[in-house]
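Morning, everyone. I'll take a few minutes on the pockets of this one. Have a look first, then I'll start.

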Amino acid sequence: MPSTPPSYKGHRYPAEVISHCVWRSFRFPLSFREAGKLLPGRGVLVSHETVRRWCATFGQGYADALRRRRPGPGDTWHLDEVFVRINGVRQYRWRAVDADGTVPGLLVQGRRDAAAARRFFRKLLTKTCSVPRVIVTDQLRPCGTAHRELMPSVGHRSHRGLNNGAENSHRPTRQRERAMTGFRSAGGAQRFLAAFRGISPHVRPRRHRMTAPEYRIEMTLRFAIREQVTGVAGRPAAA
């Protein structure tokens, strides 16, 4: 689906440098400071604050453009929540994952009661504009309450052993969280993770399900899409 590439007007560095730094920051478990230290090899000297601003300015736009190019989520959603400490306060990161590893929705909240489950379910339905055939949760009771109120026609399977897909999907986020030494606020965590869930899977194909030639073809295609999304495709090389 065509989309308008982002505007880099007013930025000191060319689009190639900015997009490369943003993609590297979301792909690898690096802090903003570490991502900036990798750029001097390309003749670029920037501070960690510059890297953070680039990610905040362009990250969500890249993620939205990628989401428009992907098919909708599958008909089976795995829902799970894990706790995360933000400035010493326990928060909960709610996440939904379909059978293909796509993340339809993510929400950081301070509770995991019935009201929080309802809020997360409503966000999923509004964001995806679709209803799954089956949802799979662990044995958290508020999820059952929200399901009966908001998705009564959807099948519900509640068993801890069936929800490994959602639990495993938290690993890249945990790695990135450790590299950043935690988040500073719930709003900042929500904004970063919203972009992270859209960008990171694009450069993390399911390698274990592909042969080597298939993997090379897939990555070539994904890098071409990345250049279109960032507006780098067709630009003259920077001097």
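**Two pockets**

Start with the second largest pocket: its lining splits into 10 nonpolar, eight polar and four charged residues. Keep in mind that this is a predicted model. The volume of this second largest pocket is about 580 Å³. It has 22 lining residues. Nearest its centre sit F32, R52, M180, G188 and F192.

Which elements build that wall, with at least two residues each? They are α2, at 32–37, plus α3 and α8. Of these, α3 contributes the most, six residues.

Now the largest pocket. Here we have about 1400 Å³ of space. The lining runs to 50 residues. Closest to the centre are D100, G101, T102, P201 and R204.

The list of elements giving two or more residues to this lining is as follows. From the helices: α3 (48–69), α4 (114–128), α6 (164–168), α7 (171–179), α8 (186–199) and α9 (212–230). From the strands: β2 (89–98).

Which element gives the largest share here? It is α3, with six residues. So much for the elements; now the classes. The largest pocket is lined by 18 nonpolar, 15 polar and 17 charged residues.

One point to take away about α3. It supplies six residues to the lining of the largest pocket. It also supplies six to the lining of the second largest pocket. In each lining, that is the top contribution. And α8 gives two or more residues to the largest pocket's lining, and at least two to that of the second largest.

That's it from me.

Methods. Residues are numbered from 1 along each chain as its sequence is written. This is a predicted model: local features need pLDDT of at least 70, side-chain atom pairs count only at pLDDT 80 or more; totals for chains, interfaces and linings use all residues. Side-chain values use heavy atoms; hydrogens and water are left out. On a 1 Å grid over the protein atoms alone, a cavity is a set of points where a 1.4 Å probe fits but cannot get out, and a pocket is an open set with protein on both sides within 12 Å along at least five of seven lines; lining residues have an atom within 4 Å of a point. Grid points are joined across faces, edges and corners, and a volume is the space filled by probe spheres set on the points. Helices (H or I, at least four residues) and strands (E, at least two) are DSSP runs, numbered from the N terminus. Ala, Val, Leu, Ile, Met, Phe, Trp, Tyr, Cys and Pro count as nonpolar, Asp, Glu, Lys and Arg as charged, and the others, Gly among them, as polar.
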